[in-house]
Amino acid sequence: MYDIDRLRDQFPILRKCIYLDSASTSQTPICSVEAMCEYFYEYAANHGRGAHHLARKTTEKYEETREILASFLKVPAGHLIFTKNTTEAVNLVANGIRWKKGDEVITTFLEHHANLLPWMMLREQGVRVKIVPHENGYIRPENIQNEITKKTRLVAVTHMPNILGTVQPVEEIGRISRDAGVPVIVDGAQSVGHFPVDVKNIDYLAIPGHKGLLGPQGTGALYAKDPDSLKCSIYGGGMVVHVSHEEVELLPPPARFEPGTPNIPGVIGLGPAIRLVKNLGVRNIHAYEKRLGHRMYRGLSSIGGVEVYSPPGTGVVSFNAEGRTPNEFARELDEYKKICVRSGMHCAEPLASSYHCQGTVRASVGCYSTTDEIDSLVGAVRHLSGHDR
Ligand code: PLP
């Protein structure tokens, strides 16, 4: 286990509130903020397109983050395309496949809109979207297998739905799909940095920089096993070997997929954040967050009038308190003890509305959360729900 007090020194904001909204976005460590400051103060320039020393240094630091992420995921750096978030990574795949009318995509009932809308929009091109149901928050791989036909072009599945926190058997789903010759995209928004992710059976992994990897907002990446399987969906500067008015020769991936000026400071700030996660040890983070999750589940489910939707042992716990809307209750927690939790449909409306409520209150931990914070949440929920006697 790591030294939690030392880790929290990297996050001064945590002295000012109880932050239990890490599933939405994580807090950013000082090492990441300092790297961004250093970029602005010492060498800010555009990357990949200049001979001067500032541009060279910027390019070096930008590419260093790609190497750090590659070593973290144990994948080749050239297979990582930087994006501004998970959503953009999924859209790169949705817009990068050459779809034909009648093609099929299999996805699930558990998805965030980021891994649902890009597929639903393909209906306009005559693509059929099949939605596999869940059983108590879990997708059974055989239910995916039963939906695969000769027309299936892709399976798109979340690693961990952001309302329930249930870890999905993506390796098994990947194996089944590969055996059937169908590529798989995994939405790693809630998994990368929280527990080990093995891309052996995964063709595409959508990665947020700003959640489990502790990077700044506006960062993310797509891992593609075969980047050449995708066509570009955005065109512009910085992606070509040569252009004339007659023809275009594109650079190899990943540069081909990153035209225009990207979030350079963000990517540079992401590097040290990933290093921090790597040094903590993702298995340690997983074990620690699981323990916090158990504590949160036990505490919240012992309160009368509180309904908990997540299973025990996950760091993402959704619940509702009788007689309050999720938004009302989240606001009360903030006003009472500066406890920051998320409320509403969590951009996963089909799943949230299947519980016949106006969404949920969701408390989610990060590697820097503490047992005291969990106990404060449980105490506040008990108090505010009128069950503290
Ligand atoms: N997928 C899941 C499961 C999420 O929880 C989220 C955001 O919370 C997303 C996708 C979208 O992530 P981003 O904001 O990085 O695009």
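## Salt bridges

In this predicted model, the count comes to 21 salt bridges, a salt bridge being a side-chain nitrogen of Lys or Arg within 4 Å of a carboxyl oxygen of Asp or Glu. Side chains of opposite charge can pair when their charged atoms come close. One such pair is formed by D21 and R362, whose side chains meet at 3.6 Å, N to O. This salt bridge links distant parts of the chain, since D21 sits in the loop between β1 (18-19) and α2 (30-43), while R362 belongs to strand β15 (residues 360-364), 341 residues apart. Helices (H or I, at least four residues) and strands (E, at least two) are DSSP runs, numbered from the N terminus.

Residues are numbered from 1 along each chain as its sequence is written. Because the model is predicted, local features need pLDDT of at least 70 and side-chain atom pairs count only at pLDDT 80 or more, whereas totals for chains, interfaces and linings use all residues, and side-chain values use heavy atoms, with hydrogens and water left out.

## Two domains and their interface

The domain assignment gives domain 1 (31-279) and domain 2 (281-384), with bounds that come from an automatic or database domain assignment. The C-alpha centres of domain 1 and domain 2 lie 28 Å apart, and 23 residues of domain 1 are in contact with 26 residues of domain 2, where contact means heavy atoms within 4.5 Å. The area buried between the two domains is about 2000 Å², of which carbon and sulfur atoms give 65%; buried area is the accessible area (1.4 Å probe) that two parts lose on being put together, summed over both. In domain 1, the residues that lose the most area to domain 2 are I163, L164 and H194, which together make up 32% of what that side buries.

Across this interface the rule finds 0 salt bridges, but 13 residue pairs are in polar contact between domain 1 and domain 2, both residues at pLDDT 80 or more. A polar contact is a pair of N or O atoms within 3.5 Å; within protein, one must be able to donate a hydrogen and the other to accept it, and residues adjacent in sequence count only if both atoms are side-chain atoms. Helix α8 (residues 264-280) gives the most to the side of domain 1 that touches domain 2, with 3 residues.

## Around the ligand

Of the 13 residues around the ligand, T86, T87, D187, Q190 and K211 come nearest, with a residue counted as near if one of its heavy atoms lies within 4 Å. Polar side-chain atoms of T87 and K211 lie 2.4 Å and 2.6 Å, respectively, from an oxygen atom of the ligand, whereas a polar side-chain atom of D187 lies 2.5 Å from a nitrogen atom of the ligand.
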